[in-house]
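I opened this entry to keep track of what I looked up in one model. The topics are helix packing, pockets, the sheet and a loop.

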Amino acid sequence: MSEPPEPGHVPAEPSLEEQIAAYQREFQDLDPQVEQVVSALQRLNRRMNVAYGRQTATLGMSNAEWEVLKALVVSGAPYRLGPGELAKRLGLTPAAMTHRIDRMANEGLVTRERDEANRVRVIVELTHEGREKWLEAMRMASVFEEDLLQDLTGEERGLLGVMLTRLLRRVEVAQPDAGGRLNDLA
């Protein structure tokens, strides 16, 4: 009989094989191949988010702020969007987006100004400092991502990209509203 864990001890996460075996024990209809793919993707996503968070922290920003910078860059020059559009793209409430923009404006990463064509509308724009932070985060992410994929050949990387994109499209078609917050899915 094993001893109980010490108080405050966090047990290690079971291996994928151990997790799948436990699931099969409790749910006999489980397809182990499907579970291996899904569980590996979930774990990979979680670990990648931690790694990106560590990188952005060295730049003095959060993953959440990096997401805003990415959304502005993806929108194209002049890197401007309304807060509502940003909130929608990031799956945030307007209040959460306002709070994030406030912090980022105070840090000099974005500006927030009234739209001259429509004085009611506010425009969030990427600053030079914000773009430089985004570029540095991208440089760091590129090194991490190259290291992550180093054991795959170019052909395997291409095939993996195609397969993952196919899975993503299936989810997007089946769950078109899943890009937002979980409480929106009711």
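The notes below go through these topics in turn.

**Entry 1: status of the model**

I am working with a predicted model. I number residues from 1 along each chain, following the sequence as written.

**Entry 2: helix 2 against helix 6**

I looked up how helix 2 (residues 32-58) and helix 6 (residues 128-148) pack. Their axes come within 10 Å and cross at roughly 145 degrees. I noted the crossing of helix 2 past helix 6 as right-handed.

Next I listed the residues in contact. Helix 2 brings Leu44, Met48, Ala51, Tyr52, Gln55 and Thr58. On the other side, helix 6 brings Met140, Ala141, Phe144, Glu145 and Leu148. By class, this contact between helix 2 and helix 6 holds 8 nonpolar, 2 polar and 1 charged residues.

**Entry 3: the largest pocket**

I then turned to empty space. Rolling a probe the size of a water molecule over the atoms shows where such space is left.

The largest pocket holds about 1,400 Å³. I find 29 residues in its lining, and those nearest the centre are Leu41, Leu44, Leu164, Leu167 and Leu168. Helix 2, helix 6 and helix 7 (154-174) are the elements that give two or more residues to this lining.

Which helix gives the most to the lining of the largest pocket? I find that helix 7 does, with 11 residues. The lining of the largest pocket splits into 18 nonpolar, 7 polar and 4 charged residues. I note that Leu44, listed nearest the centre of the largest pocket, is also on the helix 2 side of the contact with helix 6.

**Entry 4: the second largest pocket**

The second largest pocket has a volume of about 220 Å³. I list its lining as Asn49, Tyr52, Asn63, Trp66, Glu67, Lys70, Met138, Ala141 and Glu145. Helix 2, helix 3 (63-74) and helix 6 each supply at least two of these residues. Helix 3 has the largest share, 4 residues.

By class, I count 4 nonpolar, 2 polar and 3 charged residues in the lining of the second largest pocket. Tyr52, Ala141 and Glu145 line this pocket, and they also appear in the contact between helix 2 and helix 6.

**Entry 5: the sheet**

How many strands form the sheet, and in what order? I find 3 strands in an open sheet, ordered 1-3-2, with antiparallel pairing. Strand 1 (80-81) and strand 2 (110-115) are the edge strands, each paired on one side only. In general, strands of a sheet pair through backbone hydrogen bonds, either parallel or antiparallel.

I looked at strand 2 and strand 3 (residues 118-126) next. They run antiparallel and are joined by 6 bridges, and a hairpin of 2 residues links them. I took down three bridge partners: Asp115 pairs with Asn118, Glu113 with Ile123, and Val110 with Leu126.

Strand 1 pairs with strand 3 over 2 bridges, again in the antiparallel sense. There, Leu81 stands opposite Val124 of strand 3.

I also checked what lies across the sheet. Helix 5 (residues 94-106) lies across strand 2 and strand 3, and runs at about 115 degrees to strand 2.

**Entry 6: the loop between helix 3 and strand 1**

Last, I looked up backbone angles. Most residues other than glycine have a negative phi, and most peptide bonds are trans.

I found a cis peptide bond between Ala77 and Pro78, with omega of about 10 degrees. Pro78 lies in the loop between helix 3 and strand 1. Tyr79 is found in the loop between helix 3 and strand 1 as well. Its phi is near 60 degrees, a positive value in a residue other than glycine.

Methods:
This is a predicted model: local features need pLDDT of at least 70, side-chain atom pairs count only at pLDDT 80 or more; totals for chains, interfaces and linings use all residues. Side-chain values use heavy atoms; hydrogens and water are left out. Axes are lines fitted to C-alpha atoms, for helices over the stretch in contact, and angles run from 0 to 180 degrees between N-to-C directions. A crossing is left-handed if the near helix is turned anticlockwise from the far one by less than a right angle, and right-handed if clockwise. Contact means heavy atoms within 4.5 Å. Ala, Val, Leu, Ile, Met, Phe, Trp, Tyr, Cys and Pro count as nonpolar, Asp, Glu, Lys and Arg as charged, and the others, Gly among them, as polar. On a 1 Å grid over the protein atoms alone, a cavity is a set of points where a 1.4 Å probe fits but cannot get out, and a pocket is an open set with protein on both sides within 12 Å along at least five of seven lines; lining residues have an atom within 4 Å of a point. Grid points are joined across faces, edges and corners, and a volume is the space filled by probe spheres set on the points. Two strands pair if DSSP finds at least two bridges between them.
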